[in-house]
Structure formats: structure tokens, C-alpha cells
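Please read the following walk-through with the sequence and the coordinates open side by side.

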Amino acid sequence: MYSRKDQRNLTRTEKKRLVGAILELKRSGRYDEFVTMHRQYYVTDAEGRPRAAHMTPSFFPWHRRYLLEFEKALQAVDPTVSVPYWDWTRDSTPSSSLWAEDFLGGNGRSGDRQVMTGPFAFRQGDWRISGGVTDDRFLRRDFGRPSAPVTLPTKAEVDRALSDPVYDTAPWNSLSTTGFRNRIEGWGIRGTRGVANHNRVHRWIGGSMAGAGSPDDPVFWLHHAYMDLLWDRWQKAHPRSRYLPARKLPADDPQRDRVFARDQPMPPWDVAPSQLMDHTRIYRYV
Ligand code: CU
Ligand code: CU
């Protein structure tokens, strides 16, 4: 049992060890395997294939397991390390210690959006990116996307999502207009709402965080640890609510073979959402 901490409370040593473990995974090639896996599971609902990770009820359990695998890899390098979380409703400015030289580094420069500071800056020599949409091999960030400004979500927006007692609703994809899952995952719905919470944070950071290869930016893990914490909070707020759909959808439902019901095993681990509901014997949030 270990703790996942708020990144704002990490000591200088804890940051150093986390960064060191991440760089070691990068050096060994393990890190890029995680990025590749995320690209592989970036299936949209415009496709007919099963969706375990995104635009789907299993968004929370899939990423919980994905983070656990990453954390296990980190701990194989340094057993004292865990994935911290970034509460972007509190640490919501580019001057947050999260983006400092001794942690994740700052915004990208104007023009090519290349991150120039911190351990993941290209010029440090330890962080090369491959397989992206562009040929750029450097980490990119574009805070707030000045070309079409976007803001970080507020606490009120998160609270509104947390207050929905229903986990997810038909059509169980990016078009679900209510339900905790898509209120947090945050797909925009034409004429109803723009991108919200989780997706808006990817967009606010921009650059490498904006696409299927988003784990190329190490902030991905801190962002998703916070999503994982919010799932906890929702469960505590609605003790009588459960993951939906409870059972495999009926034969006439177009989503039947595309989404994962409570007890249906998800790839690549063959683990069902119901097996990932409780993490308290593995880690807890402090
Ligand atoms: Cu993802
Ligand atoms: Cu994400």
C-alpha cells in the first residue's frame, strides 16, 4: 500500500526521484511502449471497433489499470516513487510549481511550441518523441492555445459532473449528454456544450498532450491520476450508484460489441471494470 500525493506537496527529493524514474523508463524504451499502447487504444466512436479507453463507459477503469501498469514500471526503477495527481482547479496557472525547471518544465516557445525548460526539454538530450502526427521529435506545449483560447475547467464545473448520480448513459459514447463519465471525459456536444473537464485540460496544455500520443508529455500521468481520484470522489458521493452498463447491451443496441459492461473483460489485460472499482488495498490518495 502506497500513497499518491498532490503534486504541489512533493518535496524536492520526491520530484527528483520521480523525474529520474521517468527518464530511466524512457532510456530503456519502456516509456515509449506505454505511449504506443495508448495510441493503439485510441479508438473513436466513428469506428466500429470495441472502445476500451476513450468515448466509452470504461474510460475510468481502463485508465486506472493503465496508470497502475505505468506506476509498477516506475517502481521497478525506484520503489519509493508513485504517480502524483495534478488538481488543475487549484494549480491553474503556468507559474505553478508543476511547470518549474525542477519538475515538468514549462510552456513551449512561440513558433514551434518546443518546450525549452526542465528535464523533458529536447535540448537536455533525454526526451525524444517519435510516432507523432508531425515529424517533430521534441515535446510541445501551447498553454491556453492563444490562437483559439481555451481555459482550464473550474471547480464548479468538476462539482457539476460529480453531482450526477448516474455513472453513464446511452448512447455510451462521446454523445452521452448526461452521466458522470462523459461529464468528466468531456466530449463536446454540438449545440449543447463545448469540450469539458478531462478533454479541456488536454487541450489547454496543447501540443503533444492534444492527441492520441498524449502520454508523450509526462503531465499525462498526473492529469489522469486526478481523473482517477475524481472517480473515487464520485463513488463516495453516490454510494448506491454503480458502473453502467451493468450487463452486456441487448442484441439490437449498436454499442453492444463496442463497449464494456461491468463484468466484461477489457483488453489488453483481460480485466473487467468490476475488478477495478476498489484500489484501496493498492494505493490511496492523500
Ligand atoms: Cu487516454
Ligand atoms: Cu486523457
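The paragraphs below go from a metal site to two acidic residues and their surroundings.

In this predicted model, the copper ion (ligand 1) has as its protein donors the NE2 atoms of His38, His54 and His63, which lie 2.0 to 2.1 Å from the ion. Along the chain, these donors follow the spacing H-x15-H-x8-H. Of these histidines, His54 is buried, as is His63. A further copper ion (ligand 2) is part of the picture, with 4.2 Å separating it from the copper ion (ligand 1).

Asp32 has its place in helix α2, which covers residues 30-40. Its relative accessibility is 25%, and Asp32 therefore counts as partly exposed, since that class lies between the limits of 20% and 50%. The side chain of Asp32 makes a polar contact with the side chain of Lys26, at 2.8 Å. Asp32 can also be placed relative to a residue much further along the chain, for Ile129 is 97 residues away in sequence, while the two C-alpha atoms are 8.4 Å apart in space.

Glu101, by contrast, is found in a loop, namely the one between α3 (59-77) and α4 (155-162). Because its relative accessibility is 52%, Glu101 counts as exposed, the limit for that class being over 50%. Leaving aside residues up to four places away in sequence, Glu101 touches Thr117, Gly118 and Pro119. Thr117 is 16 residues from Glu101 in sequence, and their C-alpha atoms are 5.8 Å apart. With Gly118, the approach involves the backbone, whose nitrogen lies 3.4 Å from a polar atom of the Glu101 side chain.

Note on methods:
Residues are numbered from 1 along each chain as its sequence is written. Chains are lettered from A and ligands numbered from 1 in the order in which they are written. This is a predicted model: local features need pLDDT of at least 70, side-chain atom pairs count only at pLDDT 80 or more; totals for chains, interfaces and linings use all residues. Side-chain values use heavy atoms; hydrogens and water are left out. Helices (H or I, at least four residues) and strands (E, at least two) are DSSP runs, numbered from the N terminus. Buried means under 20% relative accessible area, exposed over 50%, partly exposed in between (1.4 Å probe, protein chains only). Contact means heavy atoms within 4.5 Å. A polar contact is a pair of N or O atoms within 3.5 Å; within protein, one must be able to donate a hydrogen and the other to accept it, and residues adjacent in sequence count only if both atoms are side-chain atoms. Donors are N, O and S atoms within 2.8 Å of the metal (3.2 Å for Na, K and Ca); water is not among the atoms, so sites may look incomplete.
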